[in-house]
4 protein chains.
Amino acid sequence: MSDFFKGIDKVRYEGPESTNPLAYRYYNPEEIVLGKRMDEHLRFALAYWHSFAWEGGDPFGGRTFERPWFDSEMEGAKLKAEVAFELFELLGVPYFCFHDADVRPEGETYAESTKKLNAIADIFEEKMAQTGTKLLWGTANLFSNRRFMGGAATNPDPDVFAYAAATIKANMDVTMRLKGENYVLWGGREGYETLLNTKLDKELDQLGRMLSLVVDYKHKMGFKGTILLEPKPQEPTKHQYDFDVSTVYGFLKKYGLENEVKVNIEVGHAILAGHTFEHEVAMAATHGILGSIDMNRNDYQSGWDTDQFPNNVPEVALAYYHILKAGGFATGGTNFDAKLRRQSIDPVDLLYGHIGGMDTCARGLKAAAAIIEDGSYDAFLEDRYAGWNDAEAQAMLKGERSLEDITARVERDNINPQPKSGRQEYLENLINRFV
Amino acid sequence: MSDFFKGIDKVRYEGPESTNPLAYRYYNPEEIVLGKRMDEHLRFALAYWHSFAWEGGDPFGGRTFERPWFDSEMEGAKLKAEVAFELFELLGVPYFCFHDADVRPEGETYAESTKKLNAIADIFEEKMAQTGTKLLWGTANLFSNRRFMGGAATNPDPDVFAYAAATIKANMDVTMRLKGENYVLWGGREGYETLLNTKLDKELDQLGRMLSLVVDYKHKMGFKGTILLEPKPQEPTKHQYDFDVSTVYGFLKKYGLENEVKVNIEVGHAILAGHTFEHEVAMAATHGILGSIDMNRNDYQSGWDTDQFPNNVPEVALAYYHILKAGGFATGGTNFDAKLRRQSIDPVDLLYGHIGGMDTCARGLKAAAAIIEDGSYDAFLEDRYAGWNDAEAQAMLKGERSLEDITARVERDNINPQPKSGRQEYLENLINRFV
Amino acid sequence: MSDFFKGIDKVRYEGPESTNPLAYRYYNPEEIVLGKRMDEHLRFALAYWHSFAWEGGDPFGGRTFERPWFDSEMEGAKLKAEVAFELFELLGVPYFCFHDADVRPEGETYAESTKKLNAIADIFEEKMAQTGTKLLWGTANLFSNRRFMGGAATNPDPDVFAYAAATIKANMDVTMRLKGENYVLWGGREGYETLLNTKLDKELDQLGRMLSLVVDYKHKMGFKGTILLEPKPQEPTKHQYDFDVSTVYGFLKKYGLENEVKVNIEVGHAILAGHTFEHEVAMAATHGILGSIDMNRNDYQSGWDTDQFPNNVPEVALAYYHILKAGGFATGGTNFDAKLRRQSIDPVDLLYGHIGGMDTCARGLKAAAAIIEDGSYDAFLEDRYAGWNDAEAQAMLKGERSLEDITARVERDNINPQPKSGRQEYLENLINRFV
Amino acid sequence: MSDFFKGIDKVRYEGPESTNPLAYRYYNPEEIVLGKRMDEHLRFALAYWHSFAWEGGDPFGGRTFERPWFDSEMEGAKLKAEVAFELFELLGVPYFCFHDADVRPEGETYAESTKKLNAIADIFEEKMAQTGTKLLWGTANLFSNRRFMGGAATNPDPDVFAYAAATIKANMDVTMRLKGENYVLWGGREGYETLLNTKLDKELDQLGRMLSLVVDYKHKMGFKGTILLEPKPQEPTKHQYDFDVSTVYGFLKKYGLENEVKVNIEVGHAILAGHTFEHEVAMAATHGILGSIDMNRNDYQSGWDTDQFPNNVPEVALAYYHILKAGGFATGGTNFDAKLRRQSIDPVDLLYGHIGGMDTCARGLKAAAAIIEDGSYDAFLEDRYAGWNDAEAQAMLKGERSLEDITARVERDNINPQPKSGRQEYLENLINRFV
């Protein structure tokens, strides 16, 4: 045991009345919700990058965190892994996620970087076996190193594409070895800083090709997990190709990959794209590509991705409602892509952040389940569209009526539909009974 | 002749040195640009709704314009048509565009509304023959009447769908009769005000069905024009299904209509969606769905659609560059979806608005043509991606290499690509030589 | 009794477990919170304009509501008043607010408009006596009529200034007669649509003069209420002079009115200005100008003022926390500047909207009170700044130390301060215990 | 001479027809504009931080620039200074600006940091004498070091206040020694990350005290330059106290400093605050606090401060119009607070960025001068407000009429003002004749 979290005990469920800041008030892993354990619904994962690799810097200031594993190479990486698994244990989170760059120092060459990655994977394998912590997903960091500054798959230089492809392979190999349940691609630099120096058509084709390579390799290696794309509209780029769920869907359709790839939706990315999070979840479910979520929150008054821990139960509840209605997570889960504020410099702040986030999600899940169990909300929705169950309406919808047929009926029956109340305030009140 | 524009003469080209506020300084219809007349490049159209139907109201105040055709029914509609064609003549714009609701009063029934629409179309037909003004596109207003408050094609009530379908048919018929070169669908209420009362999957299927009906009817009636969808992310709705070009592309692919339907891109809608206009144009060209444009400008400090006349040449130039590179307009054109500010209450303001807008576009077009003729910008772009012409790069791109092949090459050749300057500032300066 | 709300009974408190959509679950007027009745804390008011004058239109569609008082002049105004007081009674709200233009038709002349206003005031006076409903504030609508399109006090035409001044006088007179507890000025057109046609310095001086006239008249007439300015950054204008609380504070200081005028802060206006609502409340308290609030909510994904009923308890709780810490409302209160969504066309929707809003505020107030009673949050804050209680720190703060003195001490003592955790996540969790 | 810019010659004016990317096409220092040399109007300054200290990192990636002075302490600082003055010479910019942290490595103690600063100042002094380059302003970096993470003047820890005060003194001393013409304070961390842990009233008082200390010391030391505050609404903080020009004005009034301190306005900060840049310039002129400008541009589609080089002439022209109307710069100037895009990694890119920016400003200045010389725009404005010159209007404005007097006149004369066109489109076209 390192002494990084010295004096902090395992966090336990104490119930809503607890005033212990280091206890769960809502997250009770074994509590049954809609017939399933709460932990199996939520499938929480902790993100290696924010909690262990991020230094607390922002565009106007450098590192604020002082972690004993910074500024040392493989020794630091090993200590970091040790502390990481200690935190997984303290919090009782069942999963974690990582990029290669979070866990190992960069080597001088591709081969060396891969070797270091594998060395850390050995440590992970052992610790996972000891602790039972599992890998929700792995991913390659194709955006931090300066070689990727102009894009990875979408770089004008095909050597960068090749280097990125090789890096993905290394990460897929490690993810498979560690029994990761998904493999994620976030195209942080797959976009442009200025359209002036960019060939959109060429770059999209490159991106489509890379994704096809990934899918082909997945099948070849027998990886049973899900390949996930993570939409984001901008930042670091001015424009990112995987703008939002609908854009990703169009991209997948263009390259014939809509049955092979799903999305990992992040709260803050939805906000940056001008959507609510629940919109993105519901849209993904509609398109059949809902995979996993990156849970966090964005500051509504800031124009960048703040990656804060969620704390607003009503918002989270609506997202879990749509997840539950879509059947819940299959291979996906709730990854905390959330980081401490840079002023939260103490080890115990890592606990506070995750406890608050997990409790918020647990309350949200329970509220969503209560909405579903109550049934009046779903009944309202069914009723609102009930007219479409009529035979003539179904005939229209199925394409059995032409524009002329429908026009003839409108004229013949002098159809003159009257509007009906949309009942938004009623529904908001109804939902507020549960959150 | 009405006396609405009394004292105002036909607007003529007088060249850049002119200080006459009622002359063109850049728009010279017959000037040859890249081997084609300027008017054939730009294909300007004037929008009936903003210039003749809009009353100058905003959410905090009512009508500011006093037009003699307001508050009277068919008589007003006829006077309005007369004044409209007078403005087309004064400005020398070759095209116009309209919704049914702009040109005729609403009837008590569908049949009556259609009859009134046809009566106005008779007048249009005559005036078009007299003046040579042509119809760029027609469209149905499926958003102003309260029957459409909850959507037209996407309404929970199938009777509203039917009424909307019939209305579209009437407008397609009139558009074909007037030899319109396109038919546009803007889904102003096809979206939701709250996700709480909405079934996304159902509504998208309804919208897809409606578009299929339109395409089928187009072929049946032998309409040779283009069917265009107009993206907008929100307003009046909280969320609109045709969010942006990429979303529309995905929608078309979902319903198998990507070869049948193109997009009509509006500047202000691009801005609302978080894009530059040139981005949307270039993205549509990339997806092969660039149809036509609605030219205007949005206030960058306002969060709603301000529909102002364009006045920033550098921005407009980049859009026309992408249009020219995509081969220019086929059936599409440059429609001014722009309205006077509500304080610009005089008839002469209608002239100022359009003159400024047309001159801005003409300068933009000439700048774009100059960039192309100069060639150094295009050469830069070619050079930037030249590496992809190599045989091995092409093999990767075409799918002739697997992830393992590529990885093996990276390892074998110890590929370690170095970043190259993206030259953004150089390119901005280069473009500024032409605008 | 009109039959507008036929079949709807007076809304009563039934407690959190109630599933009756026409009952309060949290708003219990006589419940004691921090030693005071809940209704005396909240001082709810209903806004005449949104609930009775607004027709359901938006920039893309006209009236959706069908109210029997639309389209008739004084008869309609009387019926409207009758229905309004019925709603006040049904909901049990103690206050209302109005603009002249909400309650009476516009006359041909100033004198006639004033006469009509007074006639409606007669009716109000009688109904207020009968029902006990009180007037929280009155105000003049100086933005809807086209005469104000270019501003009221800030118009380039001094006759418009004069007309606006006279209109304000008429409204102040009526407000005083009806024992209004405040008089509000919202400068909906006091700003500019384009800086190009605007003299900022001149217009600000005009605005300062108008406010001085109001303050002088208040004292002369012996009005004991508070004069309130309502900040808003834009909409309908591109820029509004009363941008936000801090801007208003500077304006008041410039014209020497900071002890005479306070602010009426609206949630949605705070959001449009890039602030949280609680920020604006706390800033007003800091400057000593916190007066009253307009409670509503804005859609975070829309860029315009949506004026929805509040429904997010955590957000509302933080605002009431700051109000309570500032001593609660004096003459101010909680006015619902909130309107139904335009699809909520039924009379009963007016009930749902207000019930939801009032319950949200009541929950928020109770949560704020619980935070204060618990005391641990306030104790944290005190502790965080405790260092400033030291003598040397106080000396610095009071100006008893010069830059040189302080520098000398830094050098002498080799002061090298170490950062302390800001504990944001801990505090968010702490607050979440109460909401 | 270092060899950093090897092969690059001094940039010269070659006129608009030049296609040499390393020549000025508009910036001609000695050209006379409105009776004054262009360089005396514009007073360009180069910012040390962006061009020499910034490493090309962003929140998702580290250093992209490879500069020989990175990663070495005083040796690097000296080489950096050498290269900096080489760039000043190559470009022919008359001024530069710096923070302490840009030019010297941080020491272990305050005393050591100050000593290093003074050592670099010795070098600057010598190079300034050799080259004639002058210091537009100096400033202290009170935001990058972790000690300032919770604010400098507004820190809960008075020791941080003291350390900041001492640091400011050191920077003021150096600025005075180097004959800087202004001293700037940008409160990058003077604000809050969460209102939850913040006492607004306390922090504002601390900030007011610090500014008073600065002003007192300025007078004591006999510094003849101007003290400037630089507004910014957010970033890095969620909320920054010096939000915008109007907020700063209120702050100065609150602490009685409005005659002592002016503002340094940055384009991108205006945009972040929801304003145009020309608005902020005009507002500062109105309040008598216009000091200097930080010229750059923000990406309108990004929500953060992008600090790009300006390239849109029409926008820049309007700002210089307002600067010229306010009498031009006194001690202020045009500082390029602009940085290369992180992909612009070559030394020559530093030249492209500044050349483009300087040419854009020069074109803007010339356009602004042409608008003024033409006179028709100013005449329009005078005419628009001419009604206020009438005696009765003046009497109202000067407070010689009460609300009752004005009302009596409105009634007596039956004043019923009619709106006049605001002529926005006409004015936009007029301005476009010059840009």
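Select A:Asp294 to begin: this residue sits in strand 11 of chain A, residues 290-295. The model is predicted. With a relative accessibility of 0%, A:Asp294 counts as buried. Show the side chain of A:Asn264 as well, and a polar contact of 3.1 Å appears between the side chains of A:Asp294 and A:Asn264. Beyond four places in sequence, the residues that A:Asp294 touches include A:Trp137, A:Ile265, A:Val267 and A:Asn335, and also A:Glu230, A:Glu266 and A:Asp337.

Next, colour the annotated group. UniProt, in an unreviewed entry, lists A:Glu230, A:Glu266, A:Asp294 and A:Asp337 under "binding site". These positions are spread over 108 residues of sequence but cluster in space, with 11.9 Å as the largest C-alpha distance.

Move to A:Asp337. Look for it in the loop of chain A between strand 12 (334-336) and helix 12 (347-374). A:Asp337 is buried too, at 7% relative accessibility. Its side chain makes a polar contact of 2.7 Å with the side chain of A:His50. Leaving aside neighbours within four places in sequence, A:Asp337 is in contact with A:Glu230, A:Glu266 and A:Asp294, and other contacts include A:Ala47, A:Trp49, A:Met295 and A:Asp307.

From A:Trp49, go on to a second annotation. Which residues does the UniProt annotation "active site" cover? The unreviewed entry gives A:His99 and A:Asp102.

Select A:His99 in strand 4 of chain A, residues 95-99. The relative accessible area of A:His99 is 9%, so the residue is buried. Among its contacts more than four places away in sequence are A:Trp49, A:Thr139, A:Asn141 and A:Phe143.

Then take A:Asp102, which lies in helix 4 (residues 100-103) of chain A. A:Asp102 is buried, with 5% relative accessibility. Measure from its side chain to the backbone nitrogen of A:His99: the distance is 2.6 Å. Not counting residues up to four places away in sequence, A:Asp102 touches A:Tyr48, A:Trp49, A:Ala53 and A:Lys80.

Zoom out to chain A. The domain assignment gives domain 1 as 12-374 and domain 2 as 378-432. Over C-alpha atoms, the centres of domain 1 and domain 2 of chain A are 40 Å apart.

Finally, display chains B and C. Chain C superposes on chain B by a rotation of 180° with 0.0 Å of shift along the axis, at an RMSD of 0.0 Å. That is the relation of a two-fold axis. To place the axis, select C:Gly303, whose C-alpha is the nearest to it in chain C, at 1.9 Å. Both copies use the same surface, as 100% of the contact residues of chain C recur in chain B.

Definitions and conventions
Residues are numbered from 1 along each chain as its sequence is written. Chains are lettered from A and ligands numbered from 1 in the order in which they are written. This is a predicted model: local features need pLDDT of at least 70, side-chain atom pairs count only at pLDDT 80 or more; totals for chains, interfaces and linings use all residues. Side-chain values use heavy atoms; hydrogens and water are left out. Domain bounds come from an automatic or database domain assignment. Copies are superposed by least squares on the C-alpha atoms of residues with pLDDT of at least 70 in both. Contact means heavy atoms within 4.5 Å. UniProt positions are given in the numbering used here, feature names are shortened, and annotations may be inferred rather than shown by experiment. Helices (H or I, at least four residues) and strands (E, at least two) are DSSP runs, numbered from the N terminus. Buried means under 20% relative accessible area, exposed over 50%, partly exposed in between (1.4 Å probe, protein chains only). A polar contact is a pair of N or O atoms within 3.5 Å; within protein, one must be able to donate a hydrogen and the other to accept it, and residues adjacent in sequence count only if both atoms are side-chain atoms.
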